[in-house]
Amino acid sequence: MHRRDLLITLAALAAAPLSLAGCTPAEPLTIGLHPWPGYEPLYLARAFGWLPDEIMLQEGGNAGDSLAGLRRGEFDGAALTLDEVLVARSEGIPLTVVAVCDDSVGADMVLARPGITALTELAGHRIAVEQTAVGNLMLSQFLAAAGLTRDDLEVIDMAPNEQLAAWRTGTIEAAITYEPTASRLLREGAVRLFDSSQFPDVILDVLAVRQDRLTGRKAALSALVAGHFHGLDHLRVSPQDAMRRIGAWRGLGFEEVRASYAGLELPGRAGNRDYFGPQGDLVRAARLLNEVMVANGQLVRPDPLEALSTPRYLPDIGERA
Amino acid sequence: MSLGRRLLFGALLLLPTPLLAEETLTLGVFAYRPEAVMEARYRPLAEYLGAQLPEHRVELEVMSLDEIEEAIAHRRLDLLMTNPSHYLEIRSRNSLTGALATVINVQHGQPVSSLGGTMIKAAGNDEIQRLEDLEGRRIAMPGRRFLGGYQTHALELMDAGIDPRRGITPMITGSHDAVVAAVLAGEAEAGFVRTGILERLMGEKELTPGRLEVINPQRLASFPFAVSTRLYPEWPFVVMPQVAPSRVRQIAVALFTLEPEHPAARAAQIAGFAPPQDYLPVENLARRLRLPPFDAMPDFTWRDIWQRYAGVLLGFAAAGLLVAVLLVMLARRNRLLRQQRERLSLLAGVFTHSHEGVMITSPNGELLEVNDAFSQITGYARDEALGCNASLLGAGRHAASFYADFWQQLKLTGHWDGEVWNRRKNGEIYPQRLTISAVTDSAGAVQRYVGLLSDITRLKEHQRALTHAAQHDALTGLPNRALLADRLRMAMAQANRSAERLAVVFIDLDGFKAINDTHGHEMGDRLLVALAERMQGELRASDTLARLGGDEFVAVLLDLASGEEGERVLERLLAATAAPVEVAGRRLQVSASLGVAYYDAADGGDEDQLLRHADQAMYRAKEAGKHCFRVHGVTSQQEERPIRAPASIISEETR
């Protein structure tokens with residue numbers, strides 16, 4: 001080997017670990033986000049400055065805003081429910097799940113005006129349902145549990161952030177909703193008829209990113225995921241502080257915020273790992289969603305589930321930011 | 001009272017105390033506010049606990065942090081209420097039963113079991129707006145061991161990039177109330193207090209609302225106090241290990257059943273007690289700030305470092321290795337360079353100091369470098385020479401064919417040496433020894449020519465002098481025998497071609513020996529020189545006069561038209577030699593005997609023969625009485641005129 005070649009090779013070898021250690025140029029990473037207890041750790045991370053500057057959190061009112069941003073190509077990723085991820089994938093947006101934010105075990109619920117106590121009593125009433133997979137999934141599961149059909153109800157397409165006003169004006173008698181609207185409606189006197197604890201491990205809220213937008217953004221993505229877990233640590237260790245902050249952002253009291261987490265399981269670093277892999281809960285949930293969504297017409301064909309998730313951006317267990 | 005009753009009473013008094021007298025439990029409370037305030041607030045709580053515990057009395061002790069530690073060390077405390085970071089500190093040193101409960105604070109009916117820090121400034125102080133503005137400020141604080149009064153603030157300062165130890169000027173006041181007073185009095189630009197202090201002081205009418213402002217206010221739901229930091233669990237209620245477990249349960253029941261409306265709770269301004277909170281946030285805070293018990297540097301093992309920084313370490317190691325390799329290579333290069341430089345300077349010395357001119361030219365002859373000797377020889381300074389073509393030096397004496405041969409040989413062999421005539425700058429033409437070598441690259445293409453040139457003018461002169469000395473007589477400067485033979489040969493060859501007459505005249509002086517003997521060799525020599533000059537004067541330029549040695553001369557006469565012309569020359573020679581010569585003031589006179597041999601091309605014969613004939617004729621002239629000439633091949637009888645030596649000559653000789 002010529003000496004000059006040898007030098008170049010040596011220099012490259014020496015530089016390689018350094019570049020692995022994080023010398024890649026920082027490309028901004030834009031993530032669509034909307035208020036939801038499972039995503040609050042990211043809001044906390046942003047509030048405490050635990051996210052690097054190149055991460056842009058684009059805050060929308062609901063999941064529909066995030067999906068719209070993805071469709072317009074403005075977002076590199078978004079916090080979505082798993083079924084929304086499947087819908088986006090069916091539209092050709094190559095999303096892959098990099099972290100599971102929460103598992104709804106009762107956080108999605110059917111609320112109704114006081115006085116309505118049985119599921120069947122809702123027949124003939126107006127119910128607000130967000131025309132999303134979760135909304136439809138909740139509706140179909142609720143109808144099945146109540147022994148009703150879709151025609152028995154007057155279904156109004158309405159996202160949760162619009163439901164409080166509709167509730168107050170008496171436009172709706174019931175709503176399929178989730179936090180933080182759920183707490184506000186409960187404060188208004190609504191009663192809970194049905195919730196997602198009846199069918200756990202199906203409604204997962206995840207952080208998903210476009211695989212085709214990861215070039216030069218891998219460090220930022222790892223930092224984003226690490227920021228989520230940092231925020232989650234704060235929520236767990238200092239709930240008194242974290243929940244009061246969340247309460248201030250969402251217009252809720254401390255106890256209401258605490259209650260909003262009752263129906264959610266927020267998996268940490270170790271718990272997240274269990275969701276990934278060929279036998280993980282993510283794939284199992286996606287298979288179940290495939291069935292339900294194809295049956296309801298929300299998906300034309302089942303998602304092939306290829307490259308659905310990757311655990312490579314999860315921080316090492318035990319690592320603390 | 002009856003006697004019996006009195007006896008009974010007396011007996012009871014004598015019984016061992018545990019049966020009768022109340023057991024005392026000491027409740028230590030950290031005095032984070034003035035002692036009087038603390039006494040007033042917590043005495044009802046102590047009394048409440050005493051009342052709830054059968055046969056126990058609870059005594060209140062309001063103490064500083066140091067006093068608390070001292071009291072714990074001497075087992076003088078049974079129950080303790082202090083700030084969470086102090087709790088962690090003493091927990092690390094003593095075995096405690098852990099926190100039994102966490103205080104629930106209350107404000108306007110809002111229960112809260114979290115505390116934080118409130119950063120205050122005088123209202124209207126616009127210089128401090130944000131956290132970052134606190135850098136370098138004089139800040140009042142109750143003390144560094146106060147959780148709400150310093151430590152919670154310190155973490156926020158750290159996160160804002162301010163060193164909480166050196167980035168601010170602390171003013172330690174000892175209590176929260178004094179901090180507020182210091183800020184109000186303008187003694188400090190800002191102050192650190194715990195949450196609730198401002199609200200309590202306003203409730204106690206000690207502070208007028210609007211006089212202080214909160215820095216970095218946090219938006220928190222369901223939190224009734226102004227706060228500038230994140231929140232931490234409220235004070236723990238701690239039970240010391242010496243208290244019996246059954247008593248601990250009773251205390252717990254008493255604490256948890258304390259209602260907010262109870263006078264003891266109202267006095268303490270709390271809403272009661274909650275199950276103990278997780279004090280991990282306080283622990284994390286202490287870790288970040290390196291507070292006790294985390295003030296010792298963590299034990300880092302090499303393994304930890306490796307696990308954490310393996311990539312970076314490998315990178316540094318590789319980079320270090322690379323640097324080492326490069327350094328070694330650099331050192332070797334340097335050594336090589338030094339050697340080369342030394343060699344180069346040696347060569348440059350040769351180049352510079354050589355007496356031989358050196359020139360380096362491009363393949364087309366352009367001068368690239370010359371040395372001093374070059375300048376001395378050619379007269380061209382280095383600046384003038386560089387860039388010019390080497391043909392500048394030529395004198396134009398050589399034919400074109402010379403240069404053609406020169407280039408051909410140079411191209412063929414890469415080398416040429418020889419002598420050339422060149423012209424100096426001043427126009428002088430001089431002979432030069434020139435050696436030219438071609439410098440080729442690996443492909444054989446000529447890169448440079450290196451020429452060595454030396455001025456051989458003096459060498460040439462010396463050579464000429466040597467040649468002259470070898471061919472001429474040292475005394476008279478006339479050709480010697482060898483040159484004579486040469487000339488004679490040439491003349492004979494010429495005569496052969498042109499059929500001209502050629503005469504050789506052998507001249508022998510008469511009576512010269514006597515002059516030598518009489519006047520010495522020096523006089524004789526000078527006479528010889530004078531006569532040689534005279535004889536030369538009588539000859540034409542084409543003729544040759546040579547001295548064979550002693551008083552013997554030979555003249556070669558060329559191109560004689562006739563015998564008469566030859567005789568006229570001979571007569572002149574006789575006359576010239578016979579005329580007196582003045583040497584060193586003396587008149588000397590000799591004569592000469594001449595023998596002539598004519599060369600006839602038809603007869604042939606060589607120059608020796610011709611000379612011999614002339615010699616023989618000369619002897620005949622001697623025999624005939626000297627001072628005459630005889631011609632070879634002509635008998636005495638044929639001689640028409642006997643030549644007589646002048647009497648004067650004879651007389652001089654004999655004198």
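# A tour of the two chains

The face of helix α9(B) turned away from its buried side carries four exposed residues: B:Pro245, B:Ser246, B:Arg249 and B:Val253. Select these in the viewer to begin. The model is a predicted one.

**Stop 1: helix α9 of chain B**

Now select the whole helix, residues 245-256 of chain B. Its 12 residues, at 1.5 Å a residue, should span 16 Å, and the end C-alpha atoms are indeed 16 Å apart, so the expected and modelled lengths agree. Next, colour B:Ile251, B:Ala254 and B:Leu255, which are buried. These three cover an arc of only 95° around the axis, and therefore sit on the same side of α9(B). An α-helix has 3.6 residues a turn, so residues three or four places apart point the same way.

What do the buried residues of α9(B) pack against? Show α3 (35-52), β4 (99-107), β13 (236-239) and β14 (270-274), all in chain B; these are the elements they pack against.

**Stop 2: B:Pro233**

Move to B:Pro233, in strand β12 (residues 232-233) of chain B. Is this residue buried or exposed? B:Pro233 has 25 C-beta neighbours inside 10 Å and therefore counts as buried, the threshold being 20 or more.

Add B:Ser114 to the selection. B:Ser114 and B:Pro233 are 119 residues apart along the chain, yet their C-alpha atoms are separated by 4.5 Å. Leaving aside residues up to four places away in sequence, B:Pro233 also touches B:Pro84, B:Thr102 and B:Ser113, among others. Further contacts in chain B include B:Gln277, B:Asp278, B:Tyr279, B:Pro281 and B:Val282. One of the residues that B:Pro233 touches belongs to the other chain: A:Gln240.

**Stop 3: the side of chain B that touches chain A**

Show both chains. Here 22 residues of chain B are in contact with 21 residues of chain A. On the chain B side, the elements that give two or more residues are α11 (280-289) and α12 (302-353). Of the elements on this side, α12(B) gives the most, with 8 residues. Colouring the side of chain B that touches chain A by class gives 13 nonpolar, 5 polar and 4 charged residues.

Stay in chain B and select residues 309-331. UniProt lists this range as "transmembrane region", in an unreviewed entry. In the model the range is 100% helix and 0% strand, and its end C-alpha atoms are 32 Å apart.

**Stop 4: a hairpin in chain B**

Select residues 544-560 of chain B, which take in strands β21 (544-549) and β22 (552-560). The two strands pair in the antiparallel sense over 5 bridges. B:Gly549 stands opposite B:Glu552 in β22(B). How many residues lie between the strands of this hairpin? There are 2, and B:Gly550 takes a positive phi near 55°.

Before leaving chain B, zoom out. Chain B has 21 helices and 26 strands, and buried residues make up 35% of its 655 residues. Of the contacts in chain B with a separation of 6 or more, 67% are between residues 24 or more positions apart.

**Stop 5: strand β3 of chain A**

Switch to chain A and select residues 77-81, strand β3, where 5 of 5 residues are buried. In a regular strand the side chains alternate between the two faces of the sheet. On one side of β3(A) are A:Gly77, A:Ala79 and A:Thr81, on the other A:Ala78 and A:Leu80, and both faces are covered.

Which strands pair with β3(A)? Strand β1 (residues 29-33) of chain A pairs with β3(A) in the parallel sense over 2 bridges, and A:Gly32 stands opposite A:Ala78. Strand β10 (residues 204-210) of chain A runs antiparallel to β3(A) and is joined to it by 5 bridges. The bridge partner of A:Thr81 in β10(A) is A:Asp205.

**Stop 6: A:Val292 and the whole of chain A**

Select A:Val292, in helix α12 (residues 281-295) of chain A. With 18 C-beta neighbours inside 10 Å, A:Val292 counts as partly exposed. Measure from there to A:Leu137: the two residues are 155 apart in sequence and 7.6 Å apart, C-alpha to C-alpha.

Finish with all of chain A in view. Its secondary structure comes to 12 helices and 11 strands. Of the 321 residues in chain A, 48% are buried. Among its contacts between residues at least 6 apart in sequence, 81% join residues at least 24 apart.

Key:
Residues numbered from 1 in each chain as written. Chains lettered and ligands numbered in written order. Predicted model: local features only at pLDDT ≥ 70, side-chain atom pairs only at ≥ 80, totals over all residues. Buried ≥ 20, exposed ≤ 12 C-beta atoms within 10 Å, placed from the backbone. Pairing = 2+ DSSP bridges. Expected span 1.5 Å × (residues − 1). Arc of directions from axis to C-beta. Contact = placed C-beta atoms within 7 Å. Nonpolar A, V, L, I, M, F, W, Y, C, P; charged D, E, K, R; others polar. UniProt positions renumbered as here; feature names shortened; annotations may be inferred.
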